[in-house]
Amino acid sequence: MGDKEKVTSSSLETEKLSYKRTFLIGSGFMGCMLLWSVYNSYVPVMLRAKLTALMGEGTAAAAYMEEHKWLAWVSVALIVNAIMTIDNIFGVIFLPFFGKKSDNVRSRKWGKRMPFILICLPICAIFFCFIPVAATIKSAGLAILLMMSVIILFNFTMSIWRSPVVSVMPDFTPSKYQSDANAVINIMGGIGQMIGFVVGTIAALLVGLLGFTTLKENLQAKTNALGQVVDEQGNLILSASGEIQYVNYVPVFIVVAVISIICLLVLAAFYKKNRQYDLTANATDMGEKIESKDKKISIKNLDIGKDEKKSLIIMLISLFLINNATEAIVPNFTNFANDTLKVQPIYSTLMMAVFAVSLAAFGIPAGTLGRKFGRKKTIMLGLTGIVIMFAIYLGVSQLLPQNADGSVNKFTWICLWIALIIGGAAVGCVNINTLPLVLAMGKREYVGTFTGYYYTATQAASITGPILCGLVIGLFKEDYNYMFLYCAIMFLIGLIVISQVKHGESSDITEEDIKKARMADD
């Protein structure tokens with residue numbers, strides 16, 4: 001065979017964006033989002049069941065808390081939500097670290113990013129599978145100890161390969177095509193989330209086709225708020241030995257782990273075949289990598305007007321409040337659906353899929369509204385819609401009587417579906433326009449700095465939001481309906497705060513600058 005023609009950066013600049021190549025690159029991100037969607041949907045349910053068993057009446061933990069009254073504010077919901085922030089804490093600490101580490105790797109066969117992905121994704125998938133396995137242990141204390149160990153290991157290994165898997169796209173895509181390529185990558189991530197939302201149904205179908213009737217019945221079993229198997233009247237169905245039965249989610253996690261490994265194999269096969277297109281594969285030093293010229297600058301020392309600084313600070317406070325609400329929904333929704341709606345986690349994830357589809361579908365219209373009527377007005381419109389819908393649902397759910405089995409009535413169900421659909425579109429109005437509003441408050445040379453401010457505010461909220469929401473739920477005796485109260489209050493305060501922002505509608509910031517800033521957190 002003759003020598004292959006060397007593909008250079010300059011030759012790639014003249015090419016059009018290869019959508020096929022970009023979709024294949026996105027398979028890694030798809031696997032990442034698949035794991036996260038299932039983790040956020042099912043882990044809170046398992047943690048709640050075990051923590052309730054550990055802290056229930058008559059237990060040593062309950063006696064200890066009764067003796068120490070100052071611990072009365074510590075609830076199961078608070079602990080579950082605190083545990084669910086581990087991924088956000090690890091993300092803030094480790095994602096930038098391992099992202100930079102992957103910049104320095106030089107492997108002729110696998111480039112800069114793939115060694116991290118090839119090694120850590122399979123390990124991550126193994127830890128992922130052991131989370132529900134640990135939950136099957138009868139001793140609640142031992143089960144929680146093992147679950148926490150595996151959860152920490154899962155989150156840590158995920159932190160190692162998450163940044164590198166996102167960075168594969170920029171390595172293969174010339175800068176002028178990266179915005180379009182990022183849209184493709186986000187589509188692949190969305191597909192991963194959608195698969196995660198329906199994977200419970202997929203797992204039940206697969207185990208049924210394979211003849212594992214018991215597993216299929218287990219996955220489709222009716223459960224109470226703690227994930228315990230019950231009959232139509234809500235009475236516990238005990239095992240042959242007289243023990244309480246819990247739904248076993250091991251098949252769901254195994255199916256997801258297998259799909260994520262398939263995503264890895266697709267990405268590895270792509271890289272092996274197309275490594276000549278890696279723009280950084282032959283780099284010999286970091287001097288070839290274009291770095292942002294922005295340095296960390298305090299708001300006080302920014303070369304912008306006093307009024308712009310004031311608007312920036314107000315906007316960042318508003319962002320923190322808004323994201324405290326949005327970040328509180330994901331880890332609590334499955335428990336809410338199980339507790340209040342009396343539906344299984346397998347089906348409650350489909351409801352989150354509707355919210356996600358509504359949010360994604362309204363992305364482009366939300367951007368158009370922001371350009372036509374103003375970003376601030378569009379954000380305020382979205383926040384107003386969210387507050388109204390959540391308040392209506394909360395009012396209806398509390399005022400109207402429940403069904404005989406404790407589930408909500410038909411009218412409350414209708415209000416919830418409307419809240420999810422309209423709420424998704426409203427959140428789209430907010431999410432699409434907040435970053436452009438922040439960036440437009442500064443000069444173009446401050447894009448990197450202002451992007452840093454933006455993600456600092458949102459990442460801080462991703463840590464505090466679930467914890468504060470868990471505290472509120474605990475104060476209302478584990479009533480997950482009050483998740484909507486917490487979120488509505490946070491959105492409302494955020495709406496009031498953002499109304500005081502006076503800048504950010506126009507500047508020399510381009511759509512390309514905004515797209516690149518969004519890519520910085522992917």
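**View 1. R48 is a buried residue of the predicted model.** The relative accessible area of R48 is 5%, under the 20% limit for a buried residue. R48 belongs to helix 3, which covers residues 27-55.

**View 2. R48 and D339 form a salt bridge.** The N to O distance between the two side chains is 3.1 Å. A search of the whole structure returns one salt bridge. D339 sits in helix 12 (residues 306-341) and R48 in helix 3, so the pair links parts of the chain that are 291 residues apart in sequence. Is D339 buried or exposed? With a relative accessible area of 17%, D339 is buried.

**View 3. Helix 7 runs from residue 114 to residue 135.** At 1.5 Å a residue, a span of 32 Å is expected for its 22 residues. The C-alpha atoms at the two ends of helix 7 are 32 Å apart, in agreement with that value. Where does helix 7 kink? The kink, of about 30°, is at C120, shortly before the proline P122.

**View 4. The chain that surrounds these details contains 19 helices and zero strands.** Of its 522 residues, 52% are buried. Among contacts with a separation of 6 or more, 81% are between residues 24 or more positions apart. The exposed area of the chain is about 24,200 Å², and carbon and sulfur atoms supply 65% of that area.

Definitions and conventions
Residues numbered from 1 in each chain as written. Predicted model: local features only at pLDDT ≥ 70, side-chain atom pairs only at ≥ 80, totals over all residues. Heavy atoms only, no water. Salt bridge = Lys/Arg side-chain N within 4 Å of Asp/Glu carboxyl O. Helix = DSSP H or I, 4+ residues; strand = E, 2+ residues; numbered from the N terminus. Buried < 20%, exposed > 50% of the residue type's maximum accessible area, 1.4 Å probe, protein only. Expected span 1.5 Å × (residues − 1). Bend = angle between axes of the 7 residues up to and from the residue. Contact = heavy atoms within 4.5 Å. Areas by Shrake-Rupley, 256 points an atom, 1.4 Å probe, with all protein chains shown as cover.
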